Every structure is written in C-alpha cells, then in structure tokens.
Amino acid sequence: MTADPVRWLWTGVAVGLWLLVVAAVAWSGARARRAAASRAGALDSSGSDAATVAFASQTGLAEELAWMTARSLSDAGTSVRVMPLGDLDAAALKAAGRLLVVASTTGEGDAPDGVSRFVRQTMGAPVDLSGLGYGLLALGDHTYNDFCGFGRALDGWLQRSGAEPLFDRVEVDNGDAGAIRDWQHQLGLLTGSTIQPDWTPPAFDRWTLVERRHLNPGSPGGEAWLLAFAPDGHAPDWVAGDIAEIGLPARADGTDPGSREYSVASLPGDGRAEFIVRRLTRPDGSPGLASGWLTHHLAIGDAIDMRIRPNRSFHGPAPETPLILIGNGTGLAGLRAHWKARAGRPHGGVWLMFGERTRAHDAFLDDELQAALRTRDLTRLDRVFSRDAADGRYVQRLIAQHADELVSWVDRGAVILVCGSLEGMSRGVHAALESALGAERLPVLTETGRYRRDVY
Ligand SMILES: Cc1cc2nc3c(=O)[nH]c(=O)nc-3n(C[C@H](O)[C@H](O)[C@H](O)COP(=O)(O)O)c2cc1C
C-alpha cells in the first residue's frame, strides 16, 4: 500500500516494537496469560485498578498503540488485558468496568474490517453500559472527509449506552505526536503515575538502492518502477503483508517532509526490500514529491531511511490454506510477497487475479509470473487489461467470470487478500465478491480474517 499523505510520522513500530510488545506480555506474566485465556470474560482482578484495552485497527497502528497503552497502565500497577474490540460484546464491555479503546477509521469514514460484526451486531442500538468508564483514542487523517468517523461513532454509541467518558475523546490526525502525548497524559492522570514512558518509535535503518527497473515502458498509465534496497547493516525481519515507511529527504528549508508507506514486495530471504512505486503526476505536470524522488532522482548506491512495521491485518494464512490474491497496479507488490512466501514449499494453492491497462505494456513482472506458474508457486493466473480493445474489463470482472471456481476455493477454506486502489478497484472487487459469494457470506469471511484488504 502507498499511503499518500503519510498516515503517521512514527508508525514504524517494526520488529523493535514487536519485541517490546513481547516483553510487555512477558513482563505482565501470569496476569496477561490469564487474560488471554478468558478472551471475552470478566477481568480476573476486578479491583478499581483493572482495565481492558481494546483496539480496532485496519493497518496495525491502533493495535500498536493499544499495546503501548497497556504497557503504560501495567507499569503503573494496573491489571490490564488487551483485546480486539471485535472480540467483545455488550456483556463483556459492561463487565470490563474500565475500558481504553484505540480505534482507527478506514475507507470513507468506515470501521476497520475486524469490527464489522461488532458494528452490525453490538453497535446497532444502545445497550446498557452503565457503570463502564472509558477513554477513547481515535486515529484518523483530516484529509479524509469523515475525520475519525468510526472513533466518533463509537464514542456516540458508548455515551448513548450510558458509559461514562473518563476524559474527552483524544483525536489523532495523521499520527500527530502532540495528541498521542495528550493520551499518555490522560493515562497518567488515570493511574496517578507521573512517569511518561518514551513512545518514540525505533530509529530508521539505512538502506541502499541497488536496483530500479521500469516495469511498464510505453504504458498509457503512469510509470511503474520496481525498486530494490539492500540493508546497510543487519536486515530486520518481516513477513508478507508488512509495510515499510520510507523517510523523505529533508527540504531545502530544513523542514521535515515526513515519510511515505509502501507494501513490501519481497521477503527477508531475498536479502533486499523491494517495492513497486508509481510515479505520480500532479495536475501541473510536476512529479509527486515521494514518487518522483524514488523513481527518478534517487541514484543507484544512494542510501535512504526506512523501517518496516508489521501489518497484522494483511498477514497470510498457513501455507496449506488456499489463497486468492486480487489486485491492480502497484497493488501487485503487497500480493507478491504472499506467493513468494509459499515458493518451493507444499501449499494449498495460490490464485492471482490482476488488472492493469494494456497487455503489451502493463503485464508487470510477466516473466516472473510465468516462472511462478511453471514451478507451481502460483497455481492459477488470470489477468485483465482495461485499455485493450478485446478486453476492456477490470479485475472485478474476473471475479464474476470465474465465480463458480471462486466459490469452490472459498468452500475449501480459501483466504482472499485484496491489494490496490481504494477508488479504482476495491469497491468494485467488494461488490463482485458479494455477488459471487452472497451478501451474507462476505461479512463472515471479513470477521473470521478470511477476507483481508490493503487498499489505498
Ligand atoms: C484506505 C484508507 C482510508 C482511510 N480513511 C479515513 C477516513 O475516512 N477518515 C479518517 O479520519 N482517517 C482515514 N484514514 C486514516 C487512518 O485512520 C489513519 O491512517 C490511522 O492512523 C490508521 O490506523 P490503523 O493502522 O490502526 O488502521 C484512512 C487510511 C487509509 C489507508
């Protein structure tokens, strides 16, 4: 995925944070294990110093912040458990007594996929949550029309249900560090702790550009480039679906231009982090700040700042599970790591459906795809090219065309991963999946993690 504008300046909470999280869990020891065992049950220690931290997250940031919140509470002596909000129902919420929620917004003011059932089944009408005190950290980005749409909706529903805000909702615009400090301050007031732990993410690593290849010369669309970076030191670990945050070079006036996020198209075993980047063109013809720099100005041998962070909601299932990968354009990057992850080992099948503009110029990575078909790393490939006279269709048409096979893959337990543009593709794909599988079935797949999206 490419989030433009950047979703959060310091979202690069990669392996380092994961270790921190693991440390936090280990540290809170038996308490955390007991809590994990009683997923939706009441708190083990129901004293006033107990709390539930819940998260609703699409691309992982709310989840990371939930774990950091839990660690702050736990450091201050509060007994705490961390749960996906979607795993709680009204009774569990009421029993929680004290709730800290970190909730992001996705799509156009939508709730993250993992809470779709919660929204449908629990938030449909007010319930009795009297006695529940809560704090809410809402993540969003003001460049979207419905800023913090889900966080605000959740807040409204909690209040209508009789829950008491412990403090005003804290809204985070694009990872604003000040708002996050405010949240930390509120946590401090709750626990009486004056220590504000450092939530600064791990530093960027240095990576060197070692290859850049134009994937679609002659295309009627924007230039797409494959970029490969080698780590300057020890390579961090990551898995298919994870996201890299690339720091942009400082502006001439010394101000920090921030960073951009991209799906990693390779795996640590490749020895390099690869990306597919589209060179964007502004209405006045000038190139996009980040994409122009990456695809043209940066030279082979130049070093950049990068950190890779987990994107748990786009991780893949076990290899024996059939996998249906659907995407368009640069979305191929986020899908590629998934078939690579299965390469050379027995697996339950990988079916790629991909859409671009012209077969002659936009058959991205065609040699590689053909080779993957020969080695059975890919079991099936269907492509569609929207600008070709004989074709003229988008990737969602492939779903309609192959609906019967798609249903039989899903009947065999397949997981569907979708990566690419929000506007141009994911809505159409969603509608096509709904009609192929039935409107009842798709929400169930979403809730059970069998339909995952990384769209931008
Ligand atoms: C595809 C997409 C759609 C988004 N839609 C909205 C939106 O409608 N309103 C908003 O305030 N923020 C929106 N955001 C910004 C996210 O809420 C923000 O990046 C948040 O930090 C993501 O947290 P998460 O990683 O836990 O999902 C969107 C982000 C993406 C990538």
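How many bridges join strand 7 (residues 205–214) to strand 12 (residues 303–309), and do these strands run parallel or antiparallel? The panels below, drawn from a predicted model, take up this pairing and several other elements.

**Panel A. Strand 7 and strand 12 are joined by 4 bridges and run antiparallel.** Thr-208 lies opposite Ala-303 of strand 12.

**Panel B. An open sheet is formed by 6 strands with antiparallel pairing.** The strand order is 10-9-12-7-8-11. Strand 10 (259–263) and strand 11 (273–278) occupy the edges, and each has a single partner strand, so one side of each lacks a neighbour in the sheet. From one strand to the next, the twist averages 40 degrees. Helix 7 (residues 289–297) packs on this sheet and touches strand 8 (224–231), strand 10 and strand 11. The direction of helix 7 makes about 120 degrees with that of strand 11.

**Panel C. Helix 6 (residues 177–191) has an end-to-end span that agrees with expectation.** At 1.5 Å a residue, its 15 residues should span 21 Å, and the C-alpha atoms at its ends are 21 Å apart. Just after helix 6, Gly-192 adopts a positive phi of about 80 degrees.

**Panel D. Helix 6 has buried residues at Trp-183, Gln-184, Leu-187 and Leu-190.** These residues cover an arc of only 115 degrees around the axis, which places them on the same side of helix 6. Gly-178 and Leu-189, on the other side of the helix, are exposed. The cover over the buried residues includes helix 2 (61–75), strand 4 (133–140) and strand 6 (170–173).

**Panel E. Strand 16 (residues 415–420) is largely enclosed by the rest of the structure, because 6 of its 6 residues are buried.** Val-415, Leu-417 and Cys-419 point one way from the strand, while Ile-416, Val-418 and Gly-420 point the other way; all are buried.

**Panel F. Strand 16 is joined by bridges to strand 13 (residues 323–328) and to strand 17 (residues 451–455).** Strand 13 and strand 16 run parallel, with 5 bridges between them. Within this pairing, Cys-419 of strand 16 is the bridge partner of Gly-327. Strand 16 and strand 17 also run parallel and are joined by 5 bridges. Here Arg-452 of strand 17 is the bridge partner of Leu-417.

**Panel G. The whole protein, shown for context, contains 14 helices and 17 strands.** Of its 456 residues, 45% count as buried. Among contacts between residues at least 6 apart in sequence, 76% join residues at least 24 apart.

How values were computed:
Residues numbered from 1 in each chain as written. Predicted model: local features only at pLDDT ≥ 70, side-chain atom pairs only at ≥ 80, totals over all residues. Helix = DSSP H or I, 4+ residues; strand = E, 2+ residues; numbered from the N terminus. Buried ≥ 20, exposed ≤ 12 C-beta atoms within 10 Å, placed from the backbone. Contact = placed C-beta atoms within 7 Å. Expected span 1.5 Å × (residues − 1). Arc of directions from axis to C-beta. Pairing = 2+ DSSP bridges. Axes fitted to C-alpha atoms, helices over the stretch in contact; angles between N-to-C directions.
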